[in-house]
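Here is a briefing on one structure. Keep the sequence and the 3D view open while reading.

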Amino acid sequence: MTTMLRPPPAVPGVPVLGNALRMMGDVQQFFVDSYREMGPVFRVRALNQSFVIMAGAAANRFLLERGEAVFTSEESFGGLDREFGMRVHVLRGRPHRELRKILAAGLSRDLLAARWDAITAESERILDGWAGKPAIGAVDACQRLAAAQLSIAYTGASSAARFETLRSAFELVLDVTIAGKWPAATLRWPGYRRARAEIHRFARAALAERAAAGPGTAPPDLLDLALAAPYPPDVQAGMALQGYFAGVNTVAYLYSFMIDVLLRNPEVLARVTAEVDAAGPLTFERLRDLPALHGLVMETLRVYPPAPGSARTAVEPFDFEGFHIEAGRRVLVATCVTHQLPEHFPDPRRFDLDRDFTAGRRAAVYAPFSVGGHTCLGAGMTQVLAVATVAMLLRRLRLAPARPGRPLRITATPGPNPGRRFQISATPRPA
Ligand code: HEM
């Protein structure tokens, strides 16, 4: 005889808004606090949506081992597929593995290596543009920097001219389809339709130009691979956009959090600066060997994960940690709650450049890029880019907070980041 388990308990929230306010702010902290109060599985309500949150080591293991069988991403990421042909998030099984393999080649570190000089030159140009400004919006500036870097890596050209249109349309789609902040009717707004059409034109023009010019430099990039892939034109366009879309905000949020960490922790700043100053020319190969900078990137991703959960829907009922989750329930695996648990990361509040992540990775408790079949395809590239960007920044600029003493206020728009009001000033670093 089987006993029917109860549904997970609900986190208390105010009527109507539910837990929305906290989920729009420091959502990672909300997950950690709720995990401590409620245990490894609980329900939250955010405006018109209800989610089951699963968190902790067992949740990460569940996503890793059973995620592909028990969950679909259709409800959370279907909007990206329908609106922009970005299909990798929603596919399952063999079709997913096939598309993933092609994208993985197009988003690889080899491409970064092949275009390193162009990426470095453009990054340095952009960073030099920060110098002398008394109040730079760090998140905005980092988004522009990440967008330029990623579009050179994936397509060979910078997309700076279209930056604002691309950013606003993608953020709206994310807010409507993944975060559920606005009603679906928002996608019919004329302003949004115009932005969407512009993004489509951008992707199609890039593909058409490449088709006419023939393959780019070796290795084949995302455009070459999309053109050669056995998919209809809208999915090829989605592939061309994929790196840009999945990467710009997450990478920019990582950069902004790293800047915040450096400004708030003089001893961290001193150590990484000394390492960078002693490093000699910043070639692609040299970047592998900068342990303090790698520590900065890994610790920032641990403490301030830009994508702290994987949103899914249960395709079949299942039991987890003594509770029953029905088919059709929206589930969010809060993959980074483990980052704050002392049993996995001793003294988790300490920002430690020397922390060893080997065991945490192996046990799937260090999971800034999620775990399982839909793990981030840009993780390798992100880590190299982040190390290089901080190194370039420290060599060229001296940063200061525009408003000293202002506390870090994390907001989720659409993912957790230091917010628009986080402003910095930059001066050229004396030779
Ligand atoms: C700090 C930077 C980044 C973070 C924290 C991050 C995080 C994540 C996470 C958590 C997922 C899993 C989503 C899920 O489970 O539903 C994911 C998926 C993905 N990421 Fe990233 N990402 C980053 C940068 C990038 C970059 C630069 C790219 C570049 C192209 C990229 C491409 C992708 C793709 C294609 C997927 C979907 C994989 C699939 O569904 O099979 N990401 N990312």
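Strand β2 pairs with strand β8 (residues 330–334) in the parallel sense, over four bridges. The model is predicted. The points below start with the strands, then turn to two helices, the ligand shell and some single residues.

**Strands around β2**
- I53 of β2 has L332 as its bridge partner in β8.
- β2 also pairs with strand β1 (residues 41–46), here in the antiparallel sense and through six bridges.
- Opposite F42 stands I53 in β2.
- I53 thus recurs in both pairings: it faces F42 and it bridges to L332.
- β2 covers residues 49–55 and is mostly covered, with five of its seven residues buried.
- Strands of a sheet pair through backbone hydrogen bonds, in a parallel or an antiparallel way.

**The three-stranded sheet**
- Three strands form an open sheet in the order β4-β12-β9, with antiparallel pairing.
- β4 (136–137) and β9 (397–401) are the edge strands; each has a single partner strand, so one side of each lacks a neighbour in the sheet.
- Two bridges hold the antiparallel pairing of β4 with strand β12 (residues 423–428).
- One bridge can be named: G137 is partnered by Q423 in β12.

**Helix α5**
- α5 has 14 residues, which should span 20 Å at 1.5 Å a residue; its end C-alpha atoms are 20 Å apart, so the two values agree.
- L99, L103 and G106 are buried in α5.
- Seen down the axis, the buried residues of α5 fall within an arc of 45°, so they line one face of the helix.
- On the face turned away from that buried side, α5 carries the exposed residues G93, R94, R97 and K101.
- The buried residues of α5 pack against α8 (138–155), α11 (222–228) and α12.

**Helix α9**
- α9 (residues 163–177) is 15 residues long and reaches 21 Å from first to last C-alpha, close to the 21 Å expected at 1.5 Å a residue.
- Its buried residues are L166, A169, F170, L172, V173, V176 and T177.
- These buried residues cover an arc of only 160° around the axis, which puts them on the same side of α9.
- The cover over the buried residues of α9 includes α4 (74–84), α10 (190–213) and α12 (233–264).

**Ligand shell**
- How many residues surround the ligand? There are 25, and the closest are G247, T250, S310, C376 and G378.
- α5 (93–106), α12 and α16 (379–396) each supply at least two residues of this shell.
- Which helix gives the largest share of the shell? That helix is α12, with seven residues.
- By type, the shell residues divide into 13 nonpolar, 11 polar and one charged.
- α12 therefore appears in several roles: it is among the elements covering the buried residues of α9, it packs against the buried residues of α5, and it gives the shell its largest share.

**L207 in α10**
- L207 sits in helix α10.
- L207 counts as buried because it has 21 C-beta neighbours inside 10 Å, and the cut-off for buried is 20 or more.
- L207 and L223 are 16 residues apart in sequence, yet their C-alpha atoms are 6.1 Å apart in space.
- Beyond its neighbours within four places in sequence, L207 is in contact with L223, A226, L227, Q236, A237 and A240.

**Positive phi outside glycine**
- E321 is not a glycine, but its phi is positive, about 50°.
- E321 lies in the loop between β6 (318–320) and β7 (323–325).
- Its 15 C-beta neighbours inside 10 Å make E321 partly exposed.
- A364, also not a glycine, has a positive phi of about 60°.
- A364 lies in the loop between α15 (358–362) and α16.
- Is A364 buried or exposed? A364 is buried, because 21 other C-beta atoms lie within 10 Å.

Note on methods
Residues numbered from 1 in each chain as written. Predicted model: local features only at pLDDT ≥ 70, side-chain atom pairs only at ≥ 80, totals over all residues. Pairing = 2+ DSSP bridges. Expected span 1.5 Å × (residues − 1). Buried ≥ 20, exposed ≤ 12 C-beta atoms within 10 Å, placed from the backbone. Arc of directions from axis to C-beta. Contact = placed C-beta atoms within 7 Å. Near = placed C-beta within 6 Å. Nonpolar A, V, L, I, M, F, W, Y, C, P; charged D, E, K, R; others polar.
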